[in-house]
Amino acid sequence: MNIRDLLPHEKPVSTEVLFKSEHGAATAIQILQGEQLKEHVAKVPALLICVHGKVVFENENREKKLMLSGDYVSIDPMVKHWINAVSDSQLILFK
């Protein structure tokens, strides 16, 4: 299996749970070029990893990070954040 084949390629933003347990979950996220995962908050700490592509992660604390394949960012709980795709991108979110 490959993360690029997991989600539909025609949907601007899509997600799929990869793994879930009583301790947490891993979610695959696909954002197509020019699209945005809209502003939201996480209730618990999270880790976002860019598997493929190029995105810009931003939050309400004015943090802005360009993420390429292999890059990751820690997401603090209860902080508004959003992600803009510069190119078709695949990410994994761990919470």
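Buried means under 20% relative accessible area, exposed over 50%, and partly exposed in between. That scale serves throughout this tour of a predicted model.

**Stop 1: strand β7**

Select β7, residues 72-75. Its covered face carries Val73 and Ile75, whereas Tyr72 and Ser74 make up the uncovered one. The general background to such a division is that side chains in a regular strand alternate between the two faces of the sheet.

**Stop 2: the sheet that contains β7**

Extend the selection to the whole sheet. Which strands form it, and in what order? This open sheet consists of 5 strands in the order β1-β2-β9-β4-β7, with antiparallel pairing. The edge strands are β1 and β7, each of which pairs on one side only. From one strand to the next, the twist averages 20°. In general, the strands of a sheet pair through backbone hydrogen bonds, either parallel or antiparallel.

Begin at the β7 edge by adding strand β4, residues 46-52. Strands β4 and β7 are joined in the antiparallel sense by 4 bridges. To find the register, display leucine 48, which stands opposite valine 73 in β7. Valine 73 also belongs to the covered face of β7.

Proceed to the other edge and select strand β1, residues 13-21. Its antiparallel pairing with β2 extends over 8 bridges. The two strands form a hairpin, with 2 residues between them. Two pairs can be used to trace the register of this hairpin. Valine 13 has isoleucine 31 in β2 as its bridge partner, and glutamate 16 stands opposite alanine 28 in β2.

Now isolate strand β2, residues 24-31. How many of its 8 residues are buried? The strand is mostly covered, with 6 of the 8 buried. Besides its pairing with β1, strand β2 is joined by 6 bridges to strand β9 (residues 89-94), and these two strands run antiparallel. Label alanine 26 here, as its opposite residue in β9 is phenylalanine 94.

**Stop 3: the loop before β1**

Step back along the chain to glutamate 10, found in the loop between α1 (3-6) and β1. Is glutamate 10 buried or exposed? Its relative accessibility is 66%, so glutamate 10 counts as exposed. A distance label from glutamate 10 to leucine 32 should read 8.4 Å, C-alpha to C-alpha, for two residues 22 apart in sequence.

**Stop 4: the second sheet**

Clear the view and select the 4 strands of the other open sheet, whose order is β3-β8-β5-β6 and whose pairing is antiparallel. Its edge strands are β3 (36-40) and β6 (64-68), each pairing on one side only. The twist from one strand to the next averages 20°.

At the β3 edge, add strand β8, residues 81-85. Strands β3 and β8 pair in the antiparallel sense over 3 bridges. Histidine 40 has histidine 81 in β8 as its bridge partner.

**Stop 5: the salt bridge**

Remain at β3 and show the side chains of glutamate 39 and lysine 80. They meet in a salt bridge, with an N to O distance of 3.9 Å. Since lysine 80 lies in the loop between β7 and β8, and glutamate 39 in strand β3, the pair ties together parts that are 41 residues apart in sequence. The count for the model comes to 1 salt bridge.

How accessible are the two partners? Lysine 80 has a relative accessibility of 36% and therefore counts as partly exposed. Glutamate 39 is likewise partly exposed, with a relative accessible area of 49%.

**Stop 6: leucine 68 and the nonpolar patch**

Finally, turn to the β6 edge and display the surface of Leu66, Leu68 and Val86. These residues make a nonpolar surface patch of about 230 Å².

Centre the view on leucine 68, which lies in strand β6. With 39% relative accessibility, leucine 68 counts as partly exposed. Which residues does leucine 68 touch, not counting those up to four places away in sequence? The contacts are Cys50, Gly53 and Lys54. For cysteine 50, the C-alpha separation from leucine 68 is 6.1 Å, although the two residues stand 18 apart along the chain. Cysteine 50 falls within β4, residues 46-52, a strand of the sheet ordered β1-β2-β9-β4-β7.

Key:
Residues are numbered from 1 along each chain as its sequence is written. This is a predicted model: local features need pLDDT of at least 70, side-chain atom pairs count only at pLDDT 80 or more; totals for chains, interfaces and linings use all residues. Side-chain values use heavy atoms; hydrogens and water are left out. Two strands pair if DSSP finds at least two bridges between them. Axes are lines fitted to C-alpha atoms, for helices over the stretch in contact, and angles run from 0 to 180 degrees between N-to-C directions. Buried means under 20% relative accessible area, exposed over 50%, partly exposed in between (1.4 Å probe, protein chains only). A salt bridge is a side-chain nitrogen of Lys or Arg within 4 Å of a carboxyl oxygen of Asp or Glu. Patches are made of residues with over 30% relative accessible area and no salt bridge: like charges are joined within 9 Å, nonpolar side chains (Val, Leu, Ile, Met, Phe, Trp, Tyr) within 5 Å. Accessible areas come from the Shrake-Rupley method with a 1.4 Å probe; for residues, only the protein chains shown count as cover. Contact means heavy atoms within 4.5 Å.
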